[in-house]
Amino acid sequence: MNGNQSWRASRRRLLAGGAGLAAAAGMRPSAARAARLATSAHIVIAGSGLGGLAIANRLARSLDGARITLVDAKKEHNYQPGYTLVATGLWPVAKVRDTNAEFVPAGVEWVQEAVAAFDPVAKTLETAGGRRIGYDFLVVATGLHLDYAQIEGMDVAAIGRDGLASVYAGPQAAQATWAAMDAFRREGGEAVMTLPAGALKCAGAPLKMTFMVDDRLRRAGTRERSAVRFHTALPTDTVFGVKAVNDAVLERWKGLGVETNFLSKLVAVDIGARRATFASPEGERTQVPYDFLHVVPPMRAVDAVKNSDLAWKDGPFAAGGWLEVDKATLRHRRFPEVFGIGDINGTPRGKTAATVKKSAPVVAANLVDAIAGREPSQQFDGYTSCPLLLREGSAMLIEFDYEGRLTPSLPMIDPLQESWAAWLMKYRLLKPAYVAVLRGNV
Ligand SMILES: Cc1cc2nc3c(=O)[nH]c(=O)nc-3n(C[C@H](O)[C@H](O)[C@H](O)COP(=O)(O)OP(=O)(O)OC[C@H]3O[C@@H](n4cnc5c(N)ncnc54)[C@H](O)[C@@H]3O)c2cc1C
């Protein structure tokens, strides 16, 4: 086989395989084949990101006569998994920017306001503009809140200047992060990478950024006069929640000379002085000078959910204010007409687009069951996936379930080995697959 034939064969295998988002590319709407349920129910979907739009598109196909309302003020749709590619100089920012309107299905009403408060007892919500909207069924798909405010001195608007970087804050921040990384790699120096404790969306992204800053320094010929220091608030020897992946990453970092600091939480930054302050669990503070700082904010539920009766009241998900859903059916544990999808869910794992891909059919089917007066028929296993960028041209494709068991779906990709195929998936195939999920085509 020549190079081109082998590339084409790999691409065919990737698209035909089952790995997370990639399996979605090119697939046909399954909901369209099923019989439509006749109903006059009013379904409100709070949030029109990946999860909200995937459910809206599925319901529009599955229901006949339903009234479906989307509530979200955001008009731009962002392909967030592409942020790491933008932030490391591999993609132009335009590739992560689309308009939401092109994905909202015909016949669905879009209220272009944020939800300010939920009242699940009265089955209503109130928008930021004071509009009260009642519902028969509610899908909560608001994503999560990036809590930069917990880091004293942090200014999202300053990302890109004075060596300050953060891939999470949006397309602009991802682009500005590359500007900071690009300037840094030319001279080299001290790179300080951070990771808070608690649930994160794409918990692999802070690790990807660390691998990629190392790669960028090596390619620029400045790695030898630089240091890459990783600080995490997590306990000793922990950078990722799945042990096999965690150990593989630490082993690689040892080989690359990445320094690790555990129980070290970013609490403050002096942007002008380029100084980060870290705190130990005992409150002991250490100041660390940097030339490049990558900030990963703590994350929690959006205020409207956190401050409502929909949030967990006790247990491990209560502090973050996450939505209290049953982890298998993704139905609310106390309000049976409420379902959750995506990052907002208070479940053991699963804050990735790949999670939405695998759970959207479950949520849509269980919601249709509820509308029809049946018990939920589908169960979700917590599927989470993340192509962990290791360097330009190489990645590890990590897939796992609620229990942290590795669940590789492509036989030719060993999850703990670096591969060009996993890189190709991230670089080329995941965006079309993501769009297929948005349109409810899988
Ligand atoms: C840097 C980065 C890298 C990532 N890499 C990957 C990856 O490689 N692979 C992968 O699978 N996933 C990745 N992800 C994660 C993935 O993008 C998210 O898990 C996914 O977008 C979650 O979908 P969602 O619908 O829950 O939330 P979102 O897509 O974030 O949508 C939430 C929506 O809710 C809206 N909203 C918020 N508050 C309210 C409110 N009060 N009222 C109404 N609407 C509201 C928002 O405006 C937004 O439109 C990455 C994310 C980031 C940031």
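Start with strands S17, S18 and S19: in this predicted model, these three make up an open sheet in that order, with antiparallel pairing. Color S17 (265–270) and S19 (285–289) and you have the edges; each has a single partner strand, so one side of each is left without a neighbour in the sheet. Look along the sheet for its twist: neighbouring strands are turned by 25° against each other on average, ignoring direction.

Next, select S18, residues 275–279, together with S19. Five bridges hold the count for this antiparallel pair. For one example, pick Phe278 and look across to S19, where its bridge partner is Thr286.

Now jump to the ligand. How many residues surround the ligand? There are 38, and the closest are Gly47, Gly49, Gly51, Gly143 and Gly342. Color that shell by residue class and you should get 21 nonpolar, 12 polar and five charged. Color by domain instead, and at least three shell residues come from domain 1 (18–145 + 301–383) and at least three from domain 2 (148–297).

Switch to cartoon view and pick out the elements behind the shell. Helices H2 (50–62), H3 (83–87) and H8 (353–371), plus strand S23 (384–391), each supply at least two of its residues.

Last stop: zoom in on H2. Its 13 residues reach 18 Å from first C-alpha to last, close to the 18 Å expected at 1.5 Å a residue. Is H2 mostly covered or mostly open? Mostly covered, with 11 of the 13 residues buried. Among them are Leu50, Gly51, Gly52, Leu53 and Ser62. Gly51 is worth a second click, since you've already met Gly51 among the closest residues to the ligand.

How values were computed:
Residues are numbered from 1 along each chain as its sequence is written. This is a predicted model: local features need pLDDT of at least 70, side-chain atom pairs count only at pLDDT 80 or more; totals for chains, interfaces and linings use all residues. A residue is near a molecule or strand if its C-beta atom, placed from the backbone, lies within 6 Å of it. Helices (H or I, at least four residues) and strands (E, at least two) are DSSP runs, numbered from the N terminus. Ala, Val, Leu, Ile, Met, Phe, Trp, Tyr, Cys and Pro count as nonpolar, Asp, Glu, Lys and Arg as charged, and the others, Gly among them, as polar. Domain bounds come from an automatic or database domain assignment. The expected span of a helix is 1.5 Å times one less than its number of residues. A residue is buried if 20 or more other C-beta atoms lie within 10 Å of its own, exposed if 12 or fewer, and partly exposed in between; C-beta atoms are placed from the backbone. Two strands pair if DSSP finds at least two bridges between them. Axes are lines fitted to C-alpha atoms, for helices over the stretch in contact, and angles run from 0 to 180 degrees between N-to-C directions.
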